[in-house]
Every structure is written in C-alpha cells, then in structure tokens.
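Q: I would like to learn how to read a few features of a model, one at a time. Could we take each as a general idea and then as a case?

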Amino acid sequence: MGSPVPTGEAPLAAATSTSPGLRPPTKRGTELVMLGFASALVTAALILVEANQEQTLTMQIVYYGVAYMGLFAVAHLAVRKWAPYADPIILPCVALLNGLGLVIIHRIDLASEGEIIAGELYSAKAPKQVLWTAVALVLFCLVLKFVKDHRTLAKYGYTAGLVGLVALILPGILPSFIAPEINGAKIWLTFGAFSIQPGEFAKILLMVFFAAFLVSKRDLFTAAGRQFLGLDLPRARDLGPLVAAWAVGVSIMVLQKDLGSSLLFFGIVLVLLYVATERAAWVVVGLVLFSGGAVVAWKLFNHVQQRVSNWLDPLATYDLPGGGYQIAQSLFGLGTGGIFGAGLGAGRPDLIPEANTDFITSAIGEELGFVGLSAMLLIYAVFSLRGMRSAIAVRDSFGKLLGGGLSFALCFQVFIVVGGVTKLIPMTGITAPFLSYGGSSLLANYVLVALLLRISDAARGPKVVPKPKPQQPAIADQFTVMVERPK
C-alpha cells in the first residue's frame with residue numbers, strides 16, 4: 001500500500017518524462033561533491049602558480065582558497081533551499097570556470113607587480129575579482145529567492161525589451177565624459193571611480209522580451225511567403241522585428257565600434273526565431289541582412305576597416321597605433337603553449353595587452369596548451385548542453401525559449417571571444433564569461449545562471465496536481481422534507 005498524501009497538501013503526479021515521480025532525486029549531494037572537486041583543482045592550480053613565480057608560498061593562497069570555497073558553499077546552500085531540483089552540473093561548471101579565471105588573473109598579478117602600465121602603477125586584480133564574485137553570488141541568491149517561477153517574467157516582456165534596448169544603445173549616444181572610448185569601443189558608462197557595461201545586462205533583458213514576444217506572436221512568424229531555392233521565405237510584412245533587430249545590431253557596430261556585441265545580439269535573435277518556428281529561412285534571411293550591413297559598415301567606417309585589416313594580417317599593422325600588436329602577441333603565446341602548455345606560472349601571458357580581460361583565453365592556451373584550452377571549452381559545452389536539456393524538458397513554451405536562449409548566448413559568446421583571439425574572426429571587445437576580470441560580466445552572467453537553474457528546477461521537479469475543491473451538490477439534488485404548517 002502507498003503512503004497517504006498528507007492532509008492539506010497537493011498530491012504529486014506520477015512519473016513522467018519531465019518529472020521523475022513522487023520522490024525525484026534532487027542530486028544536491030552530487031553537486032556538493034563536484035564543487036569540492038572544483039575547489040581542490042583551483043587550490044592546486046594556485047599553489048603551482050605561486051611555486052613557479054615566487055618559488056615560495058604566500059598567505060594569498062589561503063585567502064583565495066577559503067574565499068572561493070566559502071562563496072560557492074553559500075551558493076550551493078541557496079540552490080539547495082530555493083531550487084532543490086535544479087540541474088546538479090551547472091553550478092560546478094560555473095565554479096570551475098570562475099576559479100580558473102581567478103588563477104590566471106592572480107598569475108598575471110604576480111608577473112605585473114610593480115610595473116607601470118598606461119602611466120599608472122599596476123594594482124592587483126585578483127582581490128577585486130573575489131569581491132565582484134561575492135557581489136555576483138549575492139545577486140544570484142536574490143534572483144533564486146524572488147523569481148520563484150520563471151513564467152512570471154513573461155508578464156514584463158515588453159518592459160524588459162524597452163529597458164534592454166536603451167541599455168544597449170546608451171553608451172554609443174552619450175558624451176565621452178560619461179561613455180568614454182576604451183580600447184577602441186564605447187561600451188562603458190563611468191561614474192567617477194565606478195564603471196558599468198550595460199550591454200551585459202541588456203542581453204538578458206532582450207532575451208526575456210524576445211521569448212515572451214515569440215510565444216505570443218508565434219503564428220505571425222510561422223506563416224510562409226514565397227519559395228526561393230527550396231526555402232519558404234517569410235512574408236515581407238512579417239519581417240519588422242527582424243529588420244528592427246538588424247538595425248540595432250548595425251547601430252551598435254557603428255556607434256559603439258563594438259563588433260562583438262553586435263554579432264552576439266543578432267545571433268541570439270536569429271536562434272530564438274529558429275527555435276520558435278523551426279524554419280531555417282529566418283536564419284538565412286538574418287545572415288544575409290547582417291552580412292550586408294557588415295560590408296556596408298566596412299566600406300564606410302575607418303574603425304571597422306582597421307579591425308578587418310588587423311584580422312587579415314596582424315603583422316602588417318604590428319607597430320601601428322591600434323594595429324595588430326595585441327592579436328599577434330596572442331598568436332605568439334598560443335604557439336609557445338603548443339599541445340601541453342608551458343605550465344602554470346611558467347609562460348609570459350603578461351606580454352599580451354589586456355590578458356586578464358579580453359585575451360584571458362590566450363593566457364590559458366599559453367600556460368595549459370591546446371589540451372587545457374580544449375578542456376576549458378568542454379566545460380562551457382557541458383554547461384550549455386545541460387542548460388539546453390533543461391529547456392527541452394520544461395513544460396511551457398516561454399521557458400523553452402528563454403532557457404534555450406540563455407544557454408546559446410553563453411556558448412555563442414565563448415565562440416566570439418575564442419574566435420577573436422585565435423584570428424578565426426575579427427577581434428572583438430567582449431569578455432569570456434566567468435573567466436575574465438570585470439564586475440559587469442560576472443554580475444550579468446550569474447543572473448543568467450540563476451534563471452537557468454530556476455528553469456531547470458521547474459523541468460526536473462515533480463508536477464504538483466492542484467487539490468480538487470469540494471463540490472457542493474446542486475439545490476435540485478438536495479434532500480427535502482415537507483414540513484407541516486403549525487396550527
């Protein structure tokens with residue numbers, strides 16, 4: 001005999017393909033073990049870095065190791081409390097990537113200590129990265145606590161779209177004293193000593209908008225127009241949202257001089273359209289539009305021409321201001337690393353400008369080699385795969401689109417970053433998620449992880465069947481008694 005359902009609680013549904021049943025395993029123990037393994041790897045890497053650089057061990061290892069383990073222990077407890085059925089692999093992947101980034105940033109700190117860079121004495125970035133990680137995990141916990149159901153975000157889809165659009169374009173139209181041009185791109189807003197990159201948050205807000213919009217207007221995008229080369233092209237009057245997204249992408253390229261954010265934004269729109277409609281025609285039309293806009297921008301604007309020249313032959317512009325020095329140094333470092341790398345703390349990644357931000361993957365390739373860089377990319381792949389698996393398993397269309405978009409956005413961002421530092425595509429100014437130094441990137445990406453865990457929790461958790469309300473019998477069925485009128 002089965003155990004009775006406690007009084008006052010809704011019964012749980014039977015096992016299904018998306019719900020393991022009456023008592024689905026939470027797998028939080030598996031998550032805790034994998035977080036412990038990640039902590040051991042990060043601590044060992046910190047010891048290797050200091051041993052190779054300083055020939056002695058300092059108390060910084062204890063500080064970074066304890067801070068790392070404490071922060072992710074808190075994150076684990078938050079997931080255990082507010083998203084108990086979430087995927088157990090996602091958080092350990094994030095922790096390992098974050099820890100590896102901390103190791104490389106600390107390694108560059110040791111190599112650059114005491115140097116004068118851009119007219120200023122170099123200050124260590126690793127302690128600031130630990131602080132930003134703590135702030136990001138606080139935001140992560142708040143999202144898990146207050147976003148109890150991802151479907152509530154669909155109610156604010158248009159508001160999120162408006163705020164995201166303003167945040168995306170704002171740095172390009174504001175004056176230089178608020179939005180200065182840094183490393184050739186206008187993507188930052190500065191307020192005294194504090195600066196923020198609003199585009200990192202805009203990508204999440206715009207994904208919420210497009211997911212909500214496509215769910216409500218799906219029929220608009222599935223209607224076929226004329227056929228061309230075997231493709232059912234969309235109707236001309238239905239191309240408005242895609243043309244608007246194209247215009248925003250080209251505006252980012254022109255106003256902000258940021259090829260990476262432009263490509264990332266437009267790629268997310270195309271993938272969400274494809275997932276919502278299952279029609280390749282939208283992707284083909286979108287790629288044609290973006291390619292045409294990129295060619296026109298290359299013909300008209302000098303900064304786009306310079307990026308393309310540096311991509312085609314970085315050695316030809318090696319000594320020129322804004323030339324190919326950075327990408328050439330990246331290629332030299334990757335060549336030095338070879339298959340197995342120079343070893344943690346044994347390379348010279350400090351010779352690459354911005355090695356702890358835009359080019360941190362080059363530093364990893366130099367010290368850990370092709371094998372280490374491939375292992376890092378596999379961690380990203382596992383993260384995206386688990387996120388997409390949760391998106392497929394969740395029951396509502398909005399969750400499927402949002403989860404798929406969040407997973408793809410992170411994967412595509414990594415492609416843009418690694419493609420830029422390896423000269424596969426023109427160099428971009430965006431950072432590697434969880435690896436690179438910077439507060440905006442960490443804050444936004446931990447919000448992304450929290451939303452993905454919320455969707456995963458809904459996908460893996462048991463489906464609760466609402467308790468039926470007691471039905472009152474109809475008046476006609478009531479038992480009646482004839483009462484004799486008193487005399």
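Q: How many salt bridges does the count come to?
A: The general idea is a distance rule, in which a side-chain nitrogen of Lys or Arg has to lie within 4 Å of a carboxyl oxygen of Asp or Glu. In this predicted model, the count by that rule comes to 7 salt bridges. One of them joins glutamate 367 and arginine 107, whose closest N and O atoms are 2.5 Å apart. Because glutamate 367 belongs to helix α13 (residues 360-393) and arginine 107 to helix α3 (residues 90-112), this pair ties together parts that are 260 residues apart in sequence.

Q: Are glutamate 367 and arginine 107 buried or exposed?
A: Here one reads the relative accessible area, with anything under 20% counted as buried. Both glutamate 367 and arginine 107 are buried.

Q: Where do glutamate 200 and lysine 203 lie?
A: Both are in helix α6 (residues 198-216), where a separation of 3 residues amounts to about one turn of the helix, and their side chains meet in a salt bridge with an N to O distance of 3.4 Å. Glutamate 200 has a relative accessible area of 4% and is therefore buried, and lysine 203, at 9%, is buried as well.

Q: Which helix holds arginine 454 and aspartate 457?
A: They are in helix α15, and because they are 3 residues apart there, about one helical turn separates them. Their side chains form a salt bridge at 3.3 Å, N to O, and both residues are buried. As for the helix itself, 20 of the 22 residues of α15 are buried, so the rest of the structure largely encloses it. Helix α15 (residues 439-460) reaches 31 Å from its first C-alpha to its last, which is close to the 32 Å expected at 1.5 Å a residue.

Q: What does the same reading of length give for helix α5?
A: For the 17 residues of α5 (residues 157-173), a rise of 1.5 Å a residue leads to a span of 24 Å, and the end C-alpha atoms are 25 Å apart, which agrees. The helix nevertheless bends by about 25 degrees at alanine 167, with proline 171 following within four residues. Among the buried residues of α5 are Gly161, Gly164, Ala167 and Pro171.

Q: Which residues have a positive phi near 70 degrees?
A: As general background, most residues other than glycine have a negative phi. Lysine 423 has a phi near 70 degrees, and so does phenylalanine 434. Lysine 423 is found in the loop between α14 (397-421) and α15, and phenylalanine 434 lies in the loop between those helices too. Their accessibility can be set side by side: lysine 423, at 28% relative accessibility, counts as partly exposed, whereas phenylalanine 434, at 1%, counts as buried.

Q: Which residues form a nonpolar patch on the surface?
A: The patch consists of Met59, Val62, Val66 and Met69, which together have about 400 Å² of accessible area. Methionine 69 is located in helix α2 (residues 60-82), and its relative accessibility of 42% makes it partly exposed.

Q: How many disulfides does the structure hold?
A: A disulfide needs two cysteine sulfur atoms within 2.5 Å of one another, and the structure holds 0 disulfides. Cysteine 93 counts as buried at 9% relative accessibility, and cysteine 141 is buried too, with a relative accessible area of 14%.

Terms used:
Residues numbered from 1 in each chain as written. Predicted model: local features only at pLDDT ≥ 70, side-chain atom pairs only at ≥ 80, totals over all residues. Heavy atoms only, no water. Buried < 20%, exposed > 50% of the residue type's maximum accessible area, 1.4 Å probe, protein only. Helix = DSSP H or I, 4+ residues; strand = E, 2+ residues; numbered from the N terminus. Expected span 1.5 Å × (residues − 1). Bend = angle between axes of the 7 residues up to and from the residue. Patch = residues over 30% accessible without salt bridge, like charges linked within 9 Å, V, L, I, M, F, W, Y side chains within 5 Å. Areas by Shrake-Rupley, 256 points an atom, 1.4 Å probe, with all protein chains shown as cover.
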